[in-house]
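Colleague: Could you pick one part of this model and take me through it closely? After that, please carry on into the surroundings at whatever pace suits you.

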Amino acid sequence: MSFFRNVLLIALVSCYMPSSYAEMTIEITEGVESALPISVVPFAMQGASGVPVDISFVVNADLGRSGYFKTLDKQSMPGHPSTAEAIQFKDWQALGQNYLVIGQVVEDHGQYNVQFQLFDVYKGQPLMGYRMTSTAGELRKTAHHISDLIFEKLTGKKGVFSGRIAYITSTREGRKSTHKLQISDADGFNAQTIASSMEPLMSPAWSPDGRKIAYVSFEKKSAAIYIQTLATGERVRVAEFPGINGAPAWSPDGAKLALTLSKDGNPDIYVLNLNTRALTKLTSSFAIDTEPTWSPDGSSIVFTSDRGGKPQLYMMSSQGGQEKRLTFSGNYNARASFSPDGRSLAMVHGNGSDYRIAVMDMATKALNILTDGRSDESPSFAPNGSMILYASRKGNASYLSAVSLDGKMQQKLVFDSNEIREPAWSP
Amino acid sequence: MKLNKAVWALAISAVILSGCSEDEKDASLTDGSQNAASGINDASTSGLNGGSGMSGSDMYPNAGIGPEFSDPNNPLSKSTIYFMLDSSQVQPDFVPVIAAHAQYLVAHPGQRVVMEGNTDERGSPEYNIALGEQRAKSVISMMKAQGVSESQLQAVSYGEEKPVAAGHDEAAWELNRRVEIAYQGK
């Protein structure tokens, strides 16, 4: 290997990206018909220096974007009450509103006291109310938290607005590209670059506790897998064997990393114990075996293999043993991802020249194709299992999309960067 | 008060990746001015790495090795092997090119080459890494069969990560399904 070191020139750009870089717009391309009418009234603001984040605006956008709610714009509202006494429920009933959210933000020496209440418009009764304190920097987070509380109260499902997403962007200038591993809020705000390189970065994978990200970097002109601690930026190189070092996947207990290595000649699945650094080889076919993913109970690993001629998904015990083919429909099934409850398996499903996101019911093995793009890749489940985030392309535009598990609801998240790929929703 | 106060997210700090650093802890700098300075240094260094400089270096990437590599009548001037969709089988058209490189490498046992395997953008990125490696290894095994020493040959796969053609249609995909024969020390 040493002669390769000699020819390595530094191909890495060091950079410090303090804050929001890629801003994003979200379009709801398909929503549910049964969306609940809700009005989020602009919160009353008090305080000398104003409030840097419009909390009610963020909550309104979160709820609307989820597809579960139909929001009312503030011009159409019959009033902007900020206390329970000021609400004229009849006016809101007349507008067909089911739910109403009001609130206040009071600034006090750099601290913000935020309170909100959710009302059932027909019963004229409060359903929920919270008071919380926030710094200026945490106001968006507070807003997403409010959205989560409202969402869970009204749908019974856990909200995912406080989550984060990791993804890779590439910006090409002439023959050179800059690759970045970024993390943003679930709505695309607060994008931060946690790694940047002139060589490719790939395959970000969140640790189950959400504190670390494993990824592949070609910064030394060959592949290596790193684990980076988000809070400190410190990172450890965990795999740098000859050939492929790819497709890292955390075990559900966070103690192991499944990965792909080709050090023995062709790509096989291995499990690396992160405590002992012991490496166990799980597959040893003469074909490509890659893209391992763990079942949520940790007992099984599903991976992509072309041992049958075309890439298909196979399942085996995470301890090793017999491999069983899972997919039979279509000429390309790859990059599996389990739903948090383990009942569904999302994948890239290729038929002809189209690559789409499909989901398999693990009990019946029925395959349901959820998207209709030509180049849909890298499915990642939301932590509540309701949506699948994936990378998509139309012509020269690449973007992230989310689709509900039944395919009925779709959102498109458009960033301003040239290329955006490989999204991963935080746990 | 159910707000999660962990707010690890807000504490994410940007990290400097250093291509040369062996000590991973050194890779993380927190001082802003240092970051800015090293950013400039690295950016200019990578500018040198970008090649160009000499005109024609794109067409004949191994021109620095010897004059035969930029002679359009010499098969050594060709350094890219193209592949069919989802295939790592070398097409007959490229057999003479690989043979010429094999012959050169047998005659120059100190010369090393990296076979850089690439794919088009369709399908899954990690699967494409594996496919790109298979393409690189197809070329390597042909060279080995013609007497090139294993120690002269290395495979690297970039999968779909390093397209030469920026488009998103069949014309671009054809150009991106390739192995580049990269002579070292050029």
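**A close look at one helix, and outward from there**

Modeller: Happy to! Let me start with helix 4 of chain A: 13 of its 17 residues are buried, so this helix is largely enclosed by the rest of the structure. Please keep in mind throughout that this is a predicted model. Helix 4 of chain A covers residues 139-155, and its length can be checked: at 1.5 Å a residue, its 17 residues should span 24 Å, and the C-alpha atoms at its ends are indeed 24 Å apart, so the two agree. Just after the helix comes A:Gly156, with a positive phi of about 80°.

The domain assignment gives some context here. It divides chain A into domain 1, made of 9-21 + 165-425, and domain 2, which is 41-155. The centres of these two domains, taken over C-alpha atoms, are separated by 36 Å. Contacts between them involve seven residues of domain 1 of chain A and six residues of domain 2 of chain A.

Another spot in chain A is worth a visit. A:Ile269 sits in strand 17, residues 268-273 of chain A. A:Ile269 counts as buried because it has 29 C-beta neighbours inside 10 Å, and 20 are enough for that label. Leaving aside residues within four places in sequence, the contacts of A:Ile269 include A:Ala258, A:Thr260, A:Leu282, A:Ile301 and A:Phe303. A:Lys281 lies 12 residues from A:Ile269 in sequence, with 6.3 Å between their C-alpha atoms.

Now to chain B. Its secondary structure comes to four helices and four strands, and from the N terminus the elements run α-β-α-β-α-β-α-β. Of its 186 residues, 39% count as buried. Among contacts in chain B with a separation of 6 or more, 61% join residues 24 or more positions apart.

The four strands of chain B form an open sheet in the order 1-4-2-3, with mixed pairing. Strand 1 (80-82) and strand 3 (153-159) of chain B are at the edges with a single partner strand each, so one side of each has no neighbour in the sheet. On average, neighbouring strands of this sheet are turned by 20° against each other, direction ignored. Strand 2 of chain B, residues 113-118, runs parallel to strand 3 of chain B, and six bridges join the two. One partnership to look at is that of B:Glu116, whose bridge partner in strand 3 of chain B is B:Val156. Packed on the sheet is helix 3 of chain B, residues 125-145, which touches strand 1, strand 2, strand 3 and strand 4 (178-183) of chain B, and its direction makes about 155° with that of strand 3 of chain B.

How far does the predictor trust all this? Chain B averages a pLDDT of 75, and 68% of its residues score at least 70. Helix 3 of chain B has the highest mean pLDDT among the elements of that chain, at 98, while helix 1 of chain B (residues 32-49) has the lowest, at 27. Over residues 1-57 of chain B, pLDDT stays under 50, and the model has 98 contacts beyond four places in sequence for that stretch. As for the complex, the predictor gives an ipTM of 0.87 and a pTM of 0.83.

Conventions:
Residues are numbered from 1 along each chain as its sequence is written. Chains are lettered from A and ligands numbered from 1 in the order in which they are written. This is a predicted model: local features need pLDDT of at least 70, side-chain atom pairs count only at pLDDT 80 or more; totals for chains, interfaces and linings use all residues. Two strands pair if DSSP finds at least two bridges between them. Axes are lines fitted to C-alpha atoms, for helices over the stretch in contact, and angles run from 0 to 180 degrees between N-to-C directions. Two residues are in contact if their C-beta atoms, placed from the backbone, lie within 7 Å. The expected span of a helix is 1.5 Å times one less than its number of residues. A residue is buried if 20 or more other C-beta atoms lie within 10 Å of its own, exposed if 12 or fewer, and partly exposed in between; C-beta atoms are placed from the backbone. pLDDT is the predictor's confidence in each residue, from 0 to 100. Domain bounds come from an automatic or database domain assignment.
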